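Got your viewer open and a selection tool ready? Let's take a walk through this one, stop by stop.

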Amino acid sequence: MARVLTPRAEDFPRWYQDLISKAELADNGPVRGTMVIRPTAYSIWERMQADMDSRIKAAGAENAYFPLFIPESYLKREAEHVEGFSPELAVVTHGGGKQLSEPVVVRPTSETVIGEFMAKWVDSYRDLPLLLNQWANVVRWEMRPRVFLRTSEFLWQEGHTAHATEADAKAYTLKIHHEVYERHMRDLLAIPVVLGRKTNRERFAGATSTYTLEAMMGDGKALQMGTSHELGQNFAKAFDIGFSSQAGTREHAWTTSWGTSTRMLGGLIMCHGDDSGMRIPPALAPIQALVTVVKETDGSITAAARALVDDLAAAGVRVKLDDRVDTPFGRRAVDAELKGYPIRVEVGPRDLAEGRVVLVRRFDGSKTPLALGEAVGAVTAALEADQKALYDEALARRENNTVDVSTLDEAFEAAATGWARIPWAKVGVDGEALANERAVTVRCLYRADGSIPASQDEPDLTAILARSY
């Protein structure tokens, strides 16, 4: 496989690019920083999207859609917001062959345009909470693009809510963070994440609090998998999102926003991939089992393989038949490994003559001959076991590559190959600035019990420092 993919230990970024190409996941788009998501990867994104969407709806939010184009003046209403996004904005100045009377921004995020309509739709406390989500594309002009991780256009969901009280807004932000994002990443993606608070330096432009989920990749770097933001009343005041309270007074709402994106595909690749290609968690995999006809003789091998496909489908397994016997078996096996199918069942003349098939598990590469009648039970058991095994492996890697340190110099040394765990009091605002000069960031802050702090000024907080994507 070294001839197919650059080994991770030799050049991790090159391995990542090789895998995206060889596994037919994506191509670079015609405009720098854009990407074409190919069917193999898009089918994975669709399953991520479906799972996330159901969790978001279970949390009470409803889907809507808002315009791609936002008047430039909208962004200028919230000073910190426009300042934070200004370097990344794509601005349209001409349309229909004429110069526009006001430039429009291609949405980098939708707080401003959604705020405009929240102000229109909210009048009374009875209209709150207003819980909205949209699935969309956004544009942030990226100077150093990398497919899935940082592209000028990407796909995501963005939730936006308005509440009558600060406490309700905070509670809902954390509800999304735990019940939607954390569970999605743990239960579907099999990726362990550390939940924490972003420092004031790292928080979202215009937010009062930003909460993050950080995952360790295969090379020890961190990847921000998703964020949730309390926006306080900043956007409510800028867009006059007001309501009549139960007491009859006029109040400004408290708003939130939260989002995850196709960056999770990059995280999936870098967290679970190995030198043979992707390893897709079985719960996520669009194709959980590939039944492969090794070689055909008189049609009986394909017939047996099709019968097995039917049995697996009846057992609830997402299964596909590979009967392309005009393509060499070795090439098909390599392709299946590259694309990360969790299970491959090989059906060949020699084994079938003895009433057997061969079960190949992508997680560890093991090959097990077993009776044809045992195949369905063995496949379902392996899928369940390997979902847990991928999570456990990723968690062990994170723990083994996270070092407890007590000084900034030790933190910088640890961040060269993994994560540093250090008391926030040993870092502080000045230490964070120094870390940034060395391409190391404070990924998040959390309390001793693992919970998310209400402020970076709380005592006895722990910080995670790392290099990141």
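Which helix and strands each supply at least two residues of the lining of the largest cavity? Select helix 5 (111–121), strand 8 and strand 14: those are the ones. Keep in mind as you go that this is a predicted model.

**Stop 1: the largest cavity**

Zoom in on the space between the residues you're about to pick. Highlight Glu111, Ile114, Gly115, Met118, His160, Thr161, Leu231, Phe235, Ile241, Thr255 and Thr256, which line the largest cavity. Helix 5 gives the largest share of that lining, with four residues. The space inside comes to about 60 Å³. Color the lining by type and you'll get five nonpolar residues, five polar and one charged.

**Stop 2: strand 8 and its partners**

Now select residues 153–163, which make up strand 8. Is this strand mostly enclosed or open? Nine of its 11 residues are buried, so the rest of the structure largely encloses it.

Next, add strand 7 (residues 130–139), which runs antiparallel to strand 8 and is joined to it by 10 bridges. To see a facing pair, click Gln134 and look across to Glu158 in strand 8.

Then bring in strand 14 (residues 254–261), again antiparallel to strand 8, with eight bridges between them. Here, click Trp156 and you'll find Ser261 of strand 14 opposite. While you're here, a handy thing to know when looking at side chains: in a regular strand they alternate between the two faces of the sheet.

**Stop 3: the second largest cavity**

The structure has three cavities of 30 Å³ or more, so to speak of one more: the second largest has a volume of about 40 Å³. Select Arg279, Ile280, Pro282, Pro342, Arg362, Phe363, Asp386 and Leu390 to see what lines that second cavity. Color this lining by type too: five residues are nonpolar, none are polar and three are charged.

**Stop 4: the cysteines**

How many disulfides does a search of the whole structure find? Zero. To see why, select Cys271 and draw a distance to Cys444, which holds the closest cysteine sulfur: the gap is 16 Å, too far for a bond. A disulfide would need the two sulfur atoms within 2.5 Å. Going the other way, the closest cysteine sulfur to that of Cys444 is in Cys271, again 16 Å off.

Finally, show the surface around each one. Cys271 is buried, with a relative accessible area of 3%, and Cys444 is buried as well, at 1%.

Terms used:
Residues are numbered from 1 along each chain as its sequence is written. This is a predicted model: local features need pLDDT of at least 70, side-chain atom pairs count only at pLDDT 80 or more; totals for chains, interfaces and linings use all residues. Side-chain values use heavy atoms; hydrogens and water are left out. Buried means under 20% relative accessible area, exposed over 50%, partly exposed in between (1.4 Å probe, protein chains only). Two strands pair if DSSP finds at least two bridges between them. On a 1 Å grid over the protein atoms alone, a cavity is a set of points where a 1.4 Å probe fits but cannot get out, and a pocket is an open set with protein on both sides within 12 Å along at least five of seven lines; lining residues have an atom within 4 Å of a point. Grid points are joined across faces, edges and corners, and a volume is the space filled by probe spheres set on the points. Ala, Val, Leu, Ile, Met, Phe, Trp, Tyr, Cys and Pro count as nonpolar, Asp, Glu, Lys and Arg as charged, and the others, Gly among them, as polar.
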